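Below are some notes on the model, set out as numbered points. Please read them with the structure open.

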Amino acid sequence: MNFFGNTSLRHKLTLIAMLSSCVALVVACAAFIIYEKVTFTRLMVEHALITARMIGANSSAELEFAEPASAEKTLKFLNADATIQAACIYDRNGNVFARYPSQDSPTHFTPPPVQPNGHQFGKNSVEVFQRIQLNGEEIGTVYIRQSLEELYHRLRSYLGIAAAVMAMTWHSGLASLAAMAAGTE
């Protein structure tokens, strides 16, 4: 079966140009989406680390003077950031000192075991551990779990935009081919 047998050279070249343009557009859209995922993920991790450092700096006195109620008040400020799902402060022995949401909250969570400084990705979140130091001595650790829903929302938006651009490009290319086939160019 010869698909292009009765097609003129001009139509064949137009079809090849249209297909190569579509492939280039798909590659460009994929590159933009991958770039956005990588950079936005890095920004989310940096945001969580900065937040953990601020919580650590603001709760060092509470840890030093054993004031968990005051540390929980410090953690309550995290409710201003809707992406923060949970957080806690551990003492120097790795015991939970304060948590967000608090233990009496209906959205209670179980803090994970203390880990070294750094971050790790879960299915729908990024988790950050940051040591708290006072006068060069390690006195505790901050844990923050931040939702990745904002990242997923952005990626879905970009995919929708890319699909719309592809559909418009494909539609205009097909219309151009139909016009050529009808001889009404």
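Helices (H or I, at least four residues) and strands (E, at least two) are DSSP runs, numbered from the N terminus. The model is a predicted one.

1. Cis peptide bond. Pro101 sits in the loop between strand 2 and strand 3. The peptide bond that leads into Pro101 from Tyr100 is cis, its omega being near -10°. Most peptide bonds are trans.

2. Positive phi values. Ala66, a residue other than glycine, has a positive phi, near 55°. Ala66 belongs to the loop between helix 1 and helix 2. Asn135 is not a glycine either, and its phi is positive at about 55°. Asn135 is placed in the loop between strand 4 and strand 5. With a relative accessible area of 78%, Asn135 is exposed. Most residues other than glycine have a negative phi.

3. Helix 2. Which residues of helix 2 are buried? In this helix, residues 68–76, they are Ala71, Thr74 and Leu75. Viewed down the axis of helix 2, the buried residues fall within an arc of 100°, so they line one face of the helix. Ala69 and Lys73, on the other side of helix 2, are exposed. The packing partners of the buried residues are helix 1 (9–64), strand 1 (84–91) and strand 2 (96–100).

4. Strand 4 and its neighbours. Strand 4 covers residues 125–134, and because seven of its ten residues are buried, it is largely enclosed by the rest of the structure. Strand 3 (residues 118–121) runs antiparallel to strand 4 and is joined to it by four bridges. Within this pairing, Gly118 has Phe129 of strand 4 as its bridge partner. The two strands, 3 and 4, make a hairpin with three residues between them. Strand 4 is also antiparallel to strand 5 (residues 137–147), with ten bridges joining them. Here Ile132 is opposite Gly140 of strand 5. Strand 4 and strand 5 likewise form a hairpin, with two residues between them, and Asn135 is in the turn.

5. A buried arginine. Arg99 is part of strand 2. What is the nearest side chain of opposite charge to Arg99, and how far away is it? It is Glu72, 5.3 Å away; Arg99 is buried yet has no salt bridge. A salt bridge requires a side-chain nitrogen of Lys or Arg within 4 Å of a carboxyl oxygen of Asp or Glu. A polar atom of the Arg99 side chain does lie 3.3 Å from the backbone oxygen of Phe109. Leaving aside residues up to four places away in sequence, Arg99 touches Glu72, Leu75, Ala87, Cys88, His108, Phe109 and Pro111.

6. Salt bridge between helices. Side chains of opposite charge can pair when their charged atoms come close. The structure contains five salt bridges. One of them is between the side chains of Glu36 and Arg154, at 2.5 Å from N to O. This pair links distant parts of the chain, with Glu36 in helix 1 and Arg154 in helix 3 (residues 149–182), 118 residues apart. Glu36 counts as buried at 12% relative accessibility, whereas Arg154, with a relative accessible area of 28%, is partly exposed.

7. Salt bridge from helix 1 to a loop. Glu64 and Arg92 meet through their side chains in a salt bridge of 3.6 Å, N to O. Glu64 is in helix 1 and Arg92 in the loop between strand 1 and strand 2, so the pair ties together parts that are 28 residues apart in sequence. Both are partly exposed: Glu64 at 39% relative accessibility, and Arg92 with a relative accessible area of 45%.

8. A further salt bridge and a network. Arg131 and Glu138 form a salt bridge in which the closest N and O atoms are 3.4 Å apart. Glu138 counts as partly exposed at 42% relative accessibility, as does Arg131 at 24%. Salt bridges with shared partners also join Glu64, Arg92 and Glu137 into one network.

9. Asn93. This residue is in the loop between strand 1 and strand 2. Asn93 is exposed, its relative accessible area being 62%. Its C-alpha atom is separated by 9.3 Å from that of Val114, and the two residues are 21 residues apart along the chain.

Note on methods: Residues numbered from 1 in each chain as written. Predicted model: local features only at pLDDT ≥ 70, side-chain atom pairs only at ≥ 80, totals over all residues. Heavy atoms only, no water. Buried < 20%, exposed > 50% of the residue type's maximum accessible area, 1.4 Å probe, protein only. Arc of directions from axis to C-beta. Contact = heavy atoms within 4.5 Å. Pairing = 2+ DSSP bridges. Lys, Arg positive; Asp, Glu negative; His and termini not counted. Polar contact = N/O pair within 3.5 Å; in protein donor to acceptor, adjacent residues only side chain to side chain.
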